Amino acid sequence: MLAQNIVPKINEIAVTGFNLQAEAYECRFLGPLNDTPCPYCGRSTWPETARPSYPDAAVALLKENLHLVPGQSHVLDLAAGTGKFTRLIAGHGYRLSAVEPAPVMREKFATVLPDVPIQEGTAWKIPFKDQSLDAVIIAQAFHWFDDLPALREIRRVLKPGGYLGLIWNMEDKNARQWVARIRSFYEVYDTDVPQYRNGGWRKVWKTDEAASLFHPMESQFVYHETLDDYDTIWRRVLSKSYVSVLPKDKLEEIRKGIFAVLEDPEGDIEIDPATGLVRFPYETEVVWVQRKD
């Protein structure tokens, strides 16, 4: 266990990868739709997300179990990235704030959500006063800092009875064989970095100190699908931090393997008849835990 006066360092792969692929979180080239430049990358296109958003049912589940109250709750999106989750609860009457360590991500966030203040910070050094927040939400990121120093710091900024919410999207390889096949091309490169899918983030919650800081963790899964073309599926893979830092020749090898699966006439890909896009199955895990006083 780390001593309480030691502040852990941000994972270098996370920072490098997220800075390299901040744009992939927000847009892909669709072709000109009108004369308005994309606010994220400056191209003369409208943006389309490369990273999937979160389903309405999962967002509603999180809001309900964090007991968020419009006009009252002060909510922090910690490790907010480009604001992909933040925008889903913006406009609901909450007082929103954000913290993000990666400079490029903060810049994108400010473009997307100019009315939501975002500050530099980490889970180990949150720039808020003691007991000042009703809820802290971490979307797609807790596995990068799943340790006791982070839990201590999060509890510090939460008000008595406040909540921590966690949410992750994950490609559902159990739903379709083709999903398992494309994941096999890139997940071999994530062995040296923390990953949600490996479940290591759950270990900290089993410690005695975590039990003294928070009530028992609760969670629920929501199953859904996105509609994507091949290019979006590839860009989504490329947006993964541990993939984006790979050499170009290795990226090309992964890309060819993924496209071979997508174009396999014997595969089990489902095409949406209305749009002609791939039906991509996902599972979203929603986790909530209350500060113990």
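Start by selecting Phe85, which sits in the loop between strand 1 and helix 4 (86–89). Helices here are DSSP runs of H or I with at least four residues, strands are runs of E with at least two, and both are numbered from the N terminus. The model is predicted, so local features need pLDDT of at least 70 and side-chain atom pairs count only at pLDDT 80 or more, while totals for chains, interfaces and linings use all residues. Residues are numbered from 1 along each chain as its sequence is written, and side-chain values use heavy atoms, with hydrogens and water left out.

**Stop 1: Phe85**

Phe85 has a relative accessible area of 3% and is buried. Buried means under 20% relative accessible area, exposed means over 50%, and partly exposed lies in between, with a 1.4 Å probe and protein chains only. Show the residues that Phe85 touches: Tyr54, Val59, Leu62, Asp77, Ile137, Ala139 and Ile167, not counting residues up to four places away in sequence. Contact means heavy atoms within 4.5 Å. Add Ile138: its C-alpha is 8.8 Å from that of Phe85, although the two residues are 53 apart in sequence.

**Stop 2: strand 1**

Next select residues 74–78, which form strand 1. Five of the five residues are buried, so strand 1 is largely enclosed by the rest of the structure. In a regular strand the side chains alternate between the two faces of the sheet. Here His74, Leu76 and Leu78 point one way, and Val75 and Asp77 the other way.

Color the neighboring strands. Strand 2 (residues 95–99) runs parallel to strand 1 and is joined to it by five bridges. Strand 4 (residues 133–139) is also parallel to strand 1, with three bridges between them. Two strands count as paired if DSSP finds at least two bridges between them. Asp77, one of the residues touched by Phe85, stands opposite Ala98 in strand 2 and has Ile137 as its bridge partner in strand 4.

**Stop 3: Val75**

Stay in strand 1 and select Val75. Val75 has 2% relative accessibility and counts as buried. It stands opposite Leu96 in strand 2 and opposite Ala135 in strand 4. Leaving aside neighbors within four places in sequence, the contacts of Val75 are Leu68, Ile89, Tyr94, Arg95, Leu96, Ser97, Ala135 and Ile137. Leu158 is 83 residues from Val75 along the chain, and their C-alpha atoms are separated by 9.7 Å.

**Stop 4: the whole sheet**

Move outward from Ala135, whose bridge partner in strand 5 is Tyr163. Strand 4 and strand 5 pair in the parallel sense over six bridges. Six of the seven residues of strand 4 are buried.

Now show every strand. The sheet is open, has seven strands in the order 3-2-1-4-5-7-6, and its pairing is mixed. Strand 3 (118–119) and strand 6 (218–228) are the edge strands, each pairing on one side only.

Add helix 6 (residues 148–157), which lies across strand 1, strand 4 and strand 5 (158–171) and runs at about 130 degrees to strand 5. Axes are lines fitted to C-alpha atoms, for helices over the stretch in contact, and angles run from 0 to 180 degrees between N-to-C directions.

**Stop 5: helix 11 and two partners**

Select helix 7 (residues 177–186) together with helix 11: their axes are 9 Å apart, at an angle of about 170 degrees. That makes helix 7 roughly antiparallel to helix 11. Angles under 35 degrees count as roughly parallel, over 145 as roughly antiparallel, 65 to 115 as roughly perpendicular and the rest as oblique. Trp178, Arg181, Ile182, Phe185 and Tyr186 of helix 7 meet Ile254, Gly257, Ile258, Val261 and Leu262 of helix 11.

Then swap helix 7 for helix 9 (residues 230–238), whose axis comes within 11 Å of that of helix 11 (residues 248–262) and crosses it at roughly 140 degrees. That makes helix 9 oblique to helix 11. The contact involves Tyr230, Ile233, Trp234, Val237 and Leu238 of helix 9 and Leu251, Ile254, Arg255, Ile258, Phe259 and Leu262 of helix 11.

**Last view: the full chain**

Zoom out to the protein chain, which has eleven helices and seven strands. Of its 293 residues, 52% are buried.
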